[in-house]
Amino acid sequence: AKMNGLGAAFVCSQVKMLPEIMQHRARVAAWYREELAGIDGLSCLEQRTHDAPWVFGVETKDRQTRDRLREHLATRRIETRNYFY
């Protein structure tokens, strides 16, 4: 993939912040894992040694559970998207 000059300038300005960005993502992932643990029908995906995913994946047992979770998170202004149906 190609990157234009504006995109390259933005990335260069953010490189020095990468450790803080990754720490923040790790804190958010840990918080989601803690808050979603033990909820029947949900499982969190992609936990790794350096757990700082760019998107946090949650698998649900069925569409009804997925939709209820999405509605619940939306009331708290947490954006969600369906990746697989």
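**Note on pockets, salt bridges and surface**

1. Arg63 is found in helix α3. The model is a predicted one. Arg63 has a relative accessible area of 52%, and so it counts as exposed, the cut-off being over 50%. Its partner in a distance check is Lys16: the two are 47 residues apart in sequence. In space, Arg63 and Lys16 are 41 Å apart, C-alpha to C-alpha.

2. Now the largest pocket. Its volume is about 1,100 Å³. The lining counts 31 residues. Closest to the pocket centre are Val55, Phe56, Gly57, Val58 and Arg81. Three elements give two or more residues each to this lining: α2 (18-36), β2 (58-60) and α3 (63-75). Helix α2 gives the most, with 7 residues.

3. What is the lining of the largest pocket made of, by class? There are 17 nonpolar residues, 5 polar and 9 charged. Arg81, one of the residues closest to the centre, also takes part in a salt bridge, with Glu79. The closest N and O atoms of that pair are 2.9 Å apart. Arg81 and Glu79 are both exposed. For anyone looking at this pocket, Arg81 thus appears twice: by the centre and in the salt bridge with Glu79.

4. The second largest pocket has a volume of about 220 Å³. Its lining has 14 residues, and Leu36, Ile39, Leu69, His72 and Leu73 are the closest to the centre. Helices α2 and α3 are the elements that give two or more residues here. The largest share, 5 residues, comes from α3. By class, the lining has 8 nonpolar, 2 polar and 4 charged residues. Both α2 and α3 also give two or more residues to the lining of the largest pocket.

5. Salt bridges come next. The count is 3. One of them joins the side chains of Lys61 and Asp40, at 3.6 Å from N to O. Why does this pair tie separate parts together? Lys61 lies in the loop between β2 and α3, while Asp40 lies in the loop between α2 and β1 (42-44), so the contact links parts that are 21 residues apart in sequence. Lys61 and Asp40 are both exposed.

6. Arg66 and Asp67 form another salt bridge, with the closest N and O atoms 3.0 Å apart. Buried or exposed: which word fits Arg66? Arg66 has 15% relative accessibility, so it counts as buried, the limit being under 20%. Asp67 is at 32%, and is therefore partly exposed. For the Lys61 and Asp40 pair, by contrast, each residue is exposed.

7. Last, the surface. Met3, Phe10, Val11 and Val15 form a nonpolar patch. Together they have about 400 Å² of accessible area. Phe10 is found in helix α1 (residues 5-15). Phe10 has a relative accessible area of 54%, so it is exposed. Entry to a patch needs over 30% relative accessible area, and Phe10, at 54%, is therefore eligible on that count.

Conventions. Residues are numbered from 1 along each chain as its sequence is written. This is a predicted model: local features need pLDDT of at least 70, side-chain atom pairs count only at pLDDT 80 or more; totals for chains, interfaces and linings use all residues. Side-chain values use heavy atoms; hydrogens and water are left out. On a 1 Å grid over the protein atoms alone, a cavity is a set of points where a 1.4 Å probe fits but cannot get out, and a pocket is an open set with protein on both sides within 12 Å along at least five of seven lines; lining residues have an atom within 4 Å of a point. Grid points are joined across faces, edges and corners, and a volume is the space filled by probe spheres set on the points. Helices (H or I, at least four residues) and strands (E, at least two) are DSSP runs, numbered from the N terminus. Ala, Val, Leu, Ile, Met, Phe, Trp, Tyr, Cys and Pro count as nonpolar, Asp, Glu, Lys and Arg as charged, and the others, Gly among them, as polar. Patches are made of residues with over 30% relative accessible area and no salt bridge: like charges are joined within 9 Å, nonpolar side chains (Val, Leu, Ile, Met, Phe, Trp, Tyr) within 5 Å. Accessible areas come from the Shrake-Rupley method with a 1.4 Å probe; for residues, only the protein chains shown count as cover. A salt bridge is a side-chain nitrogen of Lys or Arg within 4 Å of a carboxyl oxygen of Asp or Glu. Buried means under 20% relative accessible area, exposed over 50%, partly exposed in between (1.4 Å probe, protein chains only).
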